[in-house]
Amino acid sequence: MKNIYNLICVLSFLFLLAGCTGGVKDFFDIPHKGTIEGYVIDELTGDSLENVTVTAHFIKPNDGDGEEVDLSDITTNDGFFRIDNIWDDARIAVEKEGYDPISFHVEIENDSHTEFNLYTRGNPLIDHEVISNTDVNINEVDTIYYFVEVTDPYNLMDGAARGDLFLIEQETGIRELAFPLVEISHTHLFTTLEAKIPTSAFLIKELDLENKKVIQFHFDEQVIDADGNIGFKDDTDIELTIRYE
């Protein structure tokens, strides 16, 4: 009889406490498992985006503190994704090269399907490069001009684009020099940025051009539009030969 009385007291206490904290389910913190699904869509064009990686990061309950799990799906050609067996509060990350990443949290309800569409915006795209000289004797040329053409239909803000041009020594693979890319023209089709490279910059002691006589470079480019979106291109097709003769 005493055991029954104790059990009733314990249960009464639990239900009273649960009532103060929003319900029995909240008190016991019962984990929920469900599914998310939906479509990833280009915000500007309204087109569905394929080959987008959608990842859910969550804690799967076990006998201990839980297990960290990542589950991913790749959108189909119509932009659809579906991830099953997600537990409780999950962090969702959406990634596609050339587009802004998306990250947010979603609360899973038990045995439910959570449906939503995800809208993302593209980053500026570097379409074309032009360089004034590809083989330079620094005793004959003072400045090399490097032009980058950028397509950026997603930019909604007025203001100039900017960027950086990086010179990588081919022999070592080290970024030796960097120069600012400055917007010099803008149309509804594309934006042109320019970097001015003084040939005197190649006389720094780290390059040792006076002894080597010839050094070859290739380029990486980074462009930032007025919205703050970043476009990056590494190892362009242009090569630059610098000579000291």
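**Contacts and exposure in a predicted model**

User: Asp220 forms a salt bridge with Arg175; how far apart are the closest N and O atoms?

Analyst: This is a predicted model, in which local features need pLDDT of at least 70, side-chain atom pairs count only at pLDDT 80 or more, and totals for chains, interfaces and linings use all residues. Residues are numbered from 1 along each chain as its sequence is written, and side-chain values use heavy atoms, with hydrogens and water left out. A salt bridge needs a side-chain nitrogen of Lys or Arg within 4 Å of a carboxyl oxygen of Asp or Glu. Between Asp220 and Arg175 the closest N and O atoms are separated by 3.3 Å.

User: How many residues apart are Asp220 and Arg175?

Analyst: Strands are DSSP runs of E with at least two residues, helices are runs of H or I with at least four, and both are numbered from the N terminus. Asp220 belongs to strand β14 (residues 214-224), and Arg175 belongs to strand β12 (residues 175-186). The pair links distant parts of the chain, and the separation in residues is 45.

User: Does Asp220 count as buried or exposed?

Analyst: Buried means under 20% relative accessible area and exposed means over 50%, with partly exposed in between (1.4 Å probe, protein chains only). Arg175, the partner, is partly exposed because its relative accessible area is 42%. Asp220 has a relative accessibility of 9%, so it counts as buried.

User: Which residue forms a salt bridge with Glu37?

Analyst: The whole structure holds 8 salt bridges. In one of them, the closest N and O atoms are 3.3 Å apart, and the residue paired with Glu37 is Arg82.

User: How many residues apart in sequence are the parts tied together by Arg82 and Glu37?

Analyst: Glu37 counts as buried because its relative accessibility is 12%, whereas Arg82, at a relative accessible area of 36%, is partly exposed. Arg82 lies in strand β4 (residues 80-87) and Glu37 in strand β1 (residues 33-42), so the parts that the pair ties together have a sequence separation, in residues, of 45.

User: Which residue is linked with Glu37 and Arg82 in a network of salt bridges?

Analyst: The bridge between Arg82 and Glu37 belongs to a network. Linked with these two residues is Asp84.

User: In which helix is Lys212, which pairs with Glu169?

Analyst: Glu169 and Lys212 form a salt bridge, with 3.3 Å between the closest N and O atoms. Glu169 is buried because its relative accessibility is 2%, and Lys212 is partly exposed at 37%. The pair links distant parts of the chain, 43 residues apart: Glu169 is in strand β11, and Lys212 (helix residues 209-212) is in α3.

User: What is the angle between the planes of Tyr99 and Tyr154?

Analyst: The structure has 6 aromatic pairs. Rings of Phe, Tyr and Trp (its six-membered ring) pair if their centres lie within 6.5 Å; planes under 30 degrees apart are stacked, over 60 edge-to-face, and the rest tilted. Tyr99 and Tyr154 are 6.1 Å apart centre to centre and count as edge-to-face, with an angle between the planes of 70°.

User: In which loop is Tyr154, the partner of Tyr99 in the pair that links distant parts of the chain?

Analyst: Both Tyr99 and Tyr154 are buried. Tyr99 sits in the loop between β5 (89-95) and β6 (102-107). Tyr154, 55 residues apart from Tyr99, sits in the loop between β10 (143-151) and β11 (162-169).

User: What is the distance, centre to centre, between Phe104 and Phe116?

Analyst: Phe104 lies in strand β6 and Phe116 in strand β7 (residues 113-120), so this pair ties together parts 12 residues apart in sequence. Phe104 is partly exposed at 23% relative accessible area, and Phe116 is buried at 18%. The two rings are edge-to-face, with 80° between the planes, and the centre to centre distance is 5.7 Å.

User: Which residue do ring pairs link with Phe104 and Phe116 into a cluster?

Analyst: Phe104 and Phe116 both belong to this cluster. The residue linked with them is Phe81.

User: By what distance are the C-alpha atoms of Asn123 and Gly98 separated?

Analyst: Asn123 is in the loop between β7 and β8 (125-131). Its relative accessibility is 12%, so Asn123 is buried. Asn123 and Gly98 are 25 residues apart along the chain, and the separation of their C-alpha atoms is 5.3 Å.
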